[in-house]
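Me: I am new to reading protein models and would like a close look at one part of this one, the salt bridges. Please describe them carefully, and begin with some setting so that I can see where they belong.

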Amino acid sequence: MPKRLEEMLTDIWTSFLLIWITLFPYISMAPINQSKSLQTASIVGLHGTGEGQRILSRAKRGWVWNQMFVLEEFSGPEPILVGRLHTDLDAGTTNIKYILSGEGAGTIFVINDMTGDIHAMRRLDREEKAEYTLTAQVINRANDEPLEPPSEFIIKVQDINDNAPEFNSGPYNATVPEMSPVGTSVTTVTATDADDPVYGNSAKLVYSIVEGQPYFSIDPHTADIKTALPGMDREAREQYLVVIQAKDMGGHMGGLSGTTTVTITLTDINDNPPKFSQSLYHFSIPEDLGVGHVGGRVKANDRDIGDNAKSSYRIIDGDGRDVFEITADPQTQEGILRLKKPLDFETKKSYTLKVEAANIRIDPQFSSGGPFKDTATVKIAVEDSDEPPVFSMPTYLVEVHENATINSVIGQVTARDPDVTASLVRYLIDRHTDLERQFNINVDDGKITLAKPLDRETDTWHNITVTATEIRNNSQISQATVAIKVLDINDNAPEFASEYEAFLCENGKPGQVIQTVSAVDKDDPKNGHYFMYSLVPEMSNNPNFTIKNNQDNSISVLAKHNAFRRQKQEMYFLPIIVRDNGHPPMSSTNTLTIRVCGCSSDGIVQSCNVEAYVLPIGLSMGALIAILACIILLLVIVVLFVTLRRHKNEPLIIKDDEDVRENIIRYDDEGGGEEDTEAFDIATLQNPDGINGFLPRKDIKPDLQFMPRQGQHSAPNGVDVDEFINVRLHEADNDPTAPPYDSIQIYGYEGRGSVAGSLSSLETASSDSDQNFDYLREWGPRFKRLGELYSVGESDKET
């Protein structure tokens with residue numbers, strides 16, 4: 001109750017203040033003509049002289065004397081009186097004149113120059129301009145001379161509540177977490193009022209909620225919006241529209257107001273556990289479903305959104321934990337049931353799983369509310385499918401000796417139909433894996449037989465693919481690989497490792513090793529090779545050579561004496577028998593060729609050729625080499641001599657395919673100028689076909705006698721040298737009797753086979769005047785000068 005009384009008193013005082021402001025100009029005008037002291041201080045203190053000045057200095061006012069006030073937005077039939085200027089010099093005479101200058105003088109504010117009354121001519125707006133600064137002065141009306149110095153004063157526009165509050169940033173959007181406690185700050189709004197915040201309560205704002213209760217509240221002074229209701233659940237209602245009002249005049253009656261809207265959205269928190277839509281799921285999966293394929297989908301729904309709704313799945317119990325696995329789909333948040341191992345209807349026809357879904361992200365604030373997880377049971381029924389035959393093993397290994405007989409059974413494969421029907425199976429060999437058709441298979445029992453002989457030394461392994469097909473359904477096919485290893489038997493005799501050729505020195509010593517011989521065998525016995533060497537029986541007592549076992553499957557061939565001579569016998573053949581230790585043992589006879597050679601004293605082989613035909617002459621090998629070198633040297637000398645001689649006699653004739661312009665002939669003798677016709681062989685420019693008929697140069701000396709023209713001689717002191725030279729040059733150019741004489745040489749040969757013919761203009765049938773050289777100018781800038789020269793020549797002839 002006391003608070004209400006205080007508000008009422010405040011309203012009464014505010015009303016009195018408004019009435020005083022409105023009537024102040026009229027009240028202030030009343031005592032102007034009653035007291036001289038009021039005249040000088042109530043409006044503007046324009047200083048006078050004498051007693052008025054003493055009163056001003058003696059009286060001390062409590063208000064600002066140089067200010068006037070006018071209410072804004074005041075309108076009436078006549079201009080409003082703002083105030084009156086008065087001076088002590090004004091004794092009612094007409095020689096006093098008041099003038100006003102400054103902001104708005106003459107337009108907004110007009111002064112009566114006789115009485116000093118100031119009127120506002122139009123309605124003022126404080127929000128547009130709050131005060132005006134003007135200058136008042138009293139002058140003599142007769143001569144416009146100032147009677148007092150000018151005084152500056154201010155007219156302030158007093159505010160009235162004519163502007164409603166405005167929310168410049170509205171409408172607003174805000175968020176607050178769901179389940180927030182009461183008093184949680186949501187957002188703050190701000191309104192502005194264009195009225196004067198200093199004067200009165202016109203700009204004093206109070207905020208309130210028009211719509212949005214009881215969910216939210218607002219602080220009336222700070223405009224801070226807070227939650228007012230506990231337990232607001234986003235899953236029940238996500239968005240609220242709150243209307244906020246701002247009212248001036250401190251919220252009292254008569255104040256202006258403005259509103260804005262605030263859209264408040266509740267953000268999600270993880271306050272809901274996942275929940276399976278059903279507690280029991282049934283799935284039927286065919287037994288031929290591939291490993292990794294999807295067998296079914298389950299989903300635990302969560303009322304939350306975003307990361308709060310994400311769940312993980314796992315199998316926590318059941319007889320199919322090793323057969324199935326479950327993962328979460330990141331897009332749909334479903335639990336995807338996949339196959340980990342193949343199914344077999346004949347072995348197990350059903351599985352039972354217990355699946356759990358749990359939130360990945362848990363809010364500790366609600367962790368005490370219970371476990372954020374749920375479980376469901378999944379029953380899976382395995383459907384029987386028509387499966388392809390199944391081999392007893394995916395890969396078979398068969399071993400067979402290479403001497404196995406044709407059509408003998410070397411192995412067998414077996415396959416069965418795993419279905420209940422147990423269809424019979426048909427076997428075939430994929431011939432792409434047996435191009436040589438080395439094997440056959442029985443279509444009924446899968447026995448593999450040999451079709452062609454085997455050879456381990458050619459192919460040790462054979463890999464074939466066997467297919468099994470159901471007789472009842474030919475589309476059901478399976479395959480198995482059969483690796484056939486060919487086992488070795490002793491069917492190859494050993495032989496020399498290479499074709500040996502031994503060399504024996506004539507001066508060799510008895511017992512000297514001539515050659516070391518080893519053998520190879522294509523067979524591959526389990527215990528390795530062991531070779532035995534011997535001479536053929538008919539040469540067991542060979543008088544020239546013997547063999548020695550080196551105990552490493554090799555032997556050394558030794559010479560028995562040193563009486564070997566090339567003249568007697570150049571080459572020896574030694575047959576050697578090589579035998580292995582197989583069952584049965586295999587042997588072969590190999591021949592070693594031994595050549596008798598001439599060697600140095602150190603035993604180095606020098607020559608193995610027969611010298612029976614050259615030795616009787618009495619010349620050694622060194623002499624023969626020296627003779628051959630001399631013959632080669634003589635041949636080289638003869639070749640050089642013939643080459644030099646041919647180069648010396650070569651005529652200076654240009655070949656047909658050479659360009660004459662690219663040949664430079666140099667000679668050391670000095671010629672006699674243009675009259676010397678022997679210095680250069682002009683035959684090089686003639687037709688090669690006519691070289692034998694030499695055409696000499698013909699110089700023609702004219703018969704006319706040139707009479708020199710009498711030129712004008714310059715005065716003794718003349719210096720016209722340029723004219724003198726030009727005159728002599730002209731005389732020399734026009735003297736036909738002076739050498740060198742005009743010479744004509746015809747170059748009629750343009751080369752053999754020339755399609756264009758002769759390019760010479762001397763033999764043309766037409767005259768020079770018949771030719772037009774204007775086309776040279778059209779050939780481009782390179783031929784421009786040539787065209788000008790020919791054109792000038794033509795014009796000179798016409799002249």
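Reply: A good place to begin is the surface, where Tyr-775, Trp-779, Phe-783, Leu-786, Leu-789 and Tyr-790 form a nonpolar patch whose accessible area together is about 580 Å². Please keep in mind throughout that this is a predicted model. One member of the patch, Tyr-775, sits in the loop between strand S44 (743-744) and helix H6 (784-798), and with a relative accessible area of 38% Tyr-775 is partly exposed.

As for the protein as a whole, six helices and 44 strands are found in it, and of its 799 residues 32% are buried. Its accessible surface comes to about 50,700 Å², and carbon and sulfur atoms account for 53% of that. If we take the contacts with a separation of 6 or more, 66% of them are between residues 24 or more positions apart.

Now to the salt bridges, of which the structure holds 20. Side chains of opposite charge can pair when their charged atoms come close. In one of these pairs, Lys-129 forms a salt bridge with Glu-103, and their closest N and O atoms are 3.5 Å apart. Lys-129 lies in the loop between S7 and strand S8 (131-140), while Glu-103 lies in the loop between strand S5 (96-102) and S6, so the pair ties together parts that are 26 residues apart in sequence. Lys-129 counts as partly exposed at 30% relative accessibility, and Glu-103 counts as partly exposed at 34%.

Two of the strands just named, S6 and S7, also belong to an open sheet of three strands, which has the order S3-S7-S6 and antiparallel pairing. Strand S3 (80-84) and strand S6 (109-111) are the edge strands, each pairing on one side only, and the twist from one strand to the next averages 30°. S6 is joined by three bridges to strand S7 (residues 117-120), and the two run antiparallel; here Ile-111 stands opposite Ile-118 in S7.

A second salt bridge is the one in which the side chains of Glu-334 and Arg-297 meet, with 3.0 Å from N to O. This pair links distant parts of the chain, since Glu-334 is in strand S22 (residues 334-339) and Arg-297 is in strand S19 (residues 294-301), 37 residues apart. The relative accessible area of Arg-297 is 39%, and Arg-297 is therefore partly exposed.

A third salt bridge is formed by Arg-566 with Glu-506, where the closest N and O atoms are 3.4 Å apart. This pair, too, links distant parts of the chain: Arg-566 is in the loop between strand S39 (554-559) and strand S40 (571-579), Glu-506 is in the loop between strand S35 (501-505) and strand S36 (513-520), and the two residues are 60 residues apart. Arg-566 has a relative accessible area of 11% and is buried, and Glu-506, with a relative accessible area of 16%, is buried as well. Salt bridges can also share partners, and in this way Arg-234, Glu-235 and Asp-268 are joined into one network.

Terms used
Residues are numbered from 1 along each chain as its sequence is written. This is a predicted model: local features need pLDDT of at least 70, side-chain atom pairs count only at pLDDT 80 or more; totals for chains, interfaces and linings use all residues. Side-chain values use heavy atoms; hydrogens and water are left out. Patches are made of residues with over 30% relative accessible area and no salt bridge: like charges are joined within 9 Å, nonpolar side chains (Val, Leu, Ile, Met, Phe, Trp, Tyr) within 5 Å. Accessible areas come from the Shrake-Rupley method with a 1.4 Å probe; for residues, only the protein chains shown count as cover. A salt bridge is a side-chain nitrogen of Lys or Arg within 4 Å of a carboxyl oxygen of Asp or Glu. Helices (H or I, at least four residues) and strands (E, at least two) are DSSP runs, numbered from the N terminus. Buried means under 20% relative accessible area, exposed over 50%, partly exposed in between (1.4 Å probe, protein chains only). Contact means heavy atoms within 4.5 Å. Two strands pair if DSSP finds at least two bridges between them. Axes are lines fitted to C-alpha atoms, for helices over the stretch in contact, and angles run from 0 to 180 degrees between N-to-C directions.
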